[in-house]
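Thank you all for coming; I would like to take a few minutes to walk through one structure, going slowly enough that each term can be explained when it comes up. Please have a look at it before I start.

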Amino acid sequence: MTDSLLVRNGTILTMDPAQPEVEAFGVTGERIVAVGNRGLVEDTLPRGFRSVDLAGRCAIPGFNEAHNHMISYGLTLEHIDASFPAVTSIRDIVSAVRERAANTPNGRWIIGRGYDDNKLEERRHPTRQDLDQATAEHPVIIINGSGHLSAVNSLALQLAGVTRDAEDPVGGHFVRDEHGEATGVLHETAQEAVRALIPAPTVDEQVQALRRTNEAYIRAGITSSQDAGSDSADDLTSYQQAVEQGHLKLRTSMMIRENLLPHLVELGIEQGFGDHRLRVGPIKMFIDGSLIGRTAAVTQPFLDDPRPDNLGLMMMPKEQFEDYVMQAHAAGYQIAVHAIGDRGIDWVLDAYEKALVAMPRRDHRHRIEHCGICRPDILDRIQRLGVVPVSQPVFIIEYGDGFIRHLGPWRSQLTYPFRSFLERGIRLVFSSDCPVSDFAPLKSIQAAVTERTGSGQSYALEEAVTVEEALEMYTVAGAYATFEEDIKGQLKAGMLADVTILERDPRTVEPMALSELKVSATMIGGETVYEG
């Protein structure tokens, strides 16, 4: 078999403005060598090339998942699925825990993930009393869909030493009842006392988690992935071994948490170290929490919240955060900061501006991950500073009804404002934040195009984008976000042959049905890694 192939006989969307739609493209080895007229492309290929017949299907550049948690997702597949519609009430969660406990040795942890209190019948978080009904012999933790808060049972609190007198940690909160007793709901860093007791997965377990994630992602047409927070040597080892063992075919850029920055600097490792299969990406930090957990740092209190003065949480003092940003900037790294509330985003922009004034850098591409509530003045600052927002349109479908409930209609209009970003010439990037949300790019594209919540409620219709714009933000912009636009994101000569083949041209699909569009095949470096 030759290592050259011709792809033809269908719709081919290159995402290259100079040649947006072509008849065919040719591949030799891992690279695209020619695009355009079929005859001309054939002439560039060596004799004996293989022909790939699209049979009327649509080929696009492979989807680039710009913000997700690959190891976490693979591990959660072994946990209780507490997401909607797998569970619709706290009773369902208790039943699922009870069933798992019946088949788990006493003393072992029971873990669940994915609930959203806005979608539970009770419209509240599970408490320790709820979870105690399921088992008193196993410590239990049920992680909110955001990952930014959890509900635990009494045994878990006891093992963690969380008593009535326990003080809230910096960046966290132990929710208490009217008598001052912990309810079992842990916000942000308050989770650490419990999570530290859960046995850490081994490297081999993480490698297998990456294998499961790889298999799921390629079925969705994803060819590149940006891990959003490797914070240990075991994480880095797991990625390397997954590649070496052939379990991880996705091209992966690892965002490195700030705790590892001194080690990278000491070793002389710069961003981009590695190759186009596995590389070191930006330095990743957190500054606030989540919208669905009402822990994002906002300038106006959340609505319909047990605490009427709830302005969310900051993960560290501003001076400490700005120092971290300055260190990473001085080391030459791109920086990616999780910030969702407008108060959190203000802090990030303040820190970026301070660093850029002290040490100007023309093409820094510092990022804001999520970049949720964006007032007009925030949008203007993002544009002026050249910051790259990395957004998750799928949140609108999965959590939009809750956003409207807790932000109100006016602030919801400012949350994930896609059209406003584009009108200012800001380079917007799309992603999923899996396992917080569904990783399927076509679901995010549907959300960005329709601006409809999971219940069908209109969200911010004037912020909708076109299918073509959404595709660009999941391909070209994803490559731009990690300085890789010279090797992927488009189907043109010289680019890596990473291709997603869809059953139909997405431009012809009814917008509310985009998430149902089938991925027929996925190629990475010219190799077909999935065929449905």
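Asn68 has Asp227 of strand 13 as its bridge partner, and this belongs to the pairing of strand 6 (63-68) and strand 13 (222-230), which run in the parallel sense over 4 bridges. Two strands are said to pair if DSSP finds at least two bridges between them, and the elements themselves are DSSP runs, with helices (H or I) of at least four residues and strands (E) of at least two, numbered from the N terminus. I should say early that this is a predicted model, where local features need pLDDT of at least 70 and side-chain atom pairs count only at pLDDT 80 or more, while totals for chains, interfaces and linings use all residues. Residues are numbered from 1 along each chain as its sequence is written, and side-chain values use heavy atoms, with hydrogens and water left out.

Now the sheet as a whole: it is an open sheet of 8 strands with parallel pairing, in the order 6-13-14-15-16-17-18-19. Strand 6 and strand 19 are at the edges with a single partner strand each, so one side of each has no neighbour in the sheet.

Which elements give two or more residues to the lining of the largest cavity? They are strand 6 and strand 13. A cavity is, on a 1 Å grid over the protein atoms alone, a set of points where a 1.4 Å probe fits but cannot get out, whereas a pocket is an open set with protein on both sides within 12 Å along at least five of seven lines, and lining residues have an atom within 4 Å of a point. The structure holds 1 cavity of 30 Å³ or more, and the largest cavity has a volume of about 70 Å³, a volume being the space filled by probe spheres set on the grid points, which are joined across faces, edges and corners. Of its 14 lining residues, Gly62, Thr223, Lys488, Gly489 and Asp498 are the closest to the centre.

Let me turn to the second largest pocket, which holds about 790 Å³ of space. It is lined by 32 residues, with Ser83, Phe84, Gly114, Glu398 and Val436 nearest its centre, and helix 13 gives the most to this lining, with 6 residues.

Phe84 deserves another mention, since a cis peptide bond joins Phe84 and Pro85, with omega about 10°; Pro85 is in the loop between strand 7 (80-81) and helix 3 (90-102). The peptide bond from Cys434 to Pro435 is also cis, with omega near 10°, and Pro435 is found in the loop between strand 19 (429-430) and helix 15 (441-450). In that loop between strand 19 and helix 15 lies Asp433, which has a positive phi of about 65° although it is not a glycine. Is Asp433 buried or exposed? Asp433 is buried, with a relative accessible area of 5%, where buried means under 20% relative accessible area, exposed over 50% and partly exposed in between, with a 1.4 Å probe and protein chains only.

I will finish with helix 11, whose 17 residues (342-358) should span 24 Å at 1.5 Å a residue, and whose end C-alpha atoms are 24 Å apart, which agrees; the expected span is 1.5 Å times one less than the number of residues. Its buried residues include Trp347, Leu349 and Tyr352, and what covers the buried residues of helix 11 includes helix 10, strand 16 (335-339), strand 17 (367-370) and helix 12 (376-385), where contact means heavy atoms within 4.5 Å.
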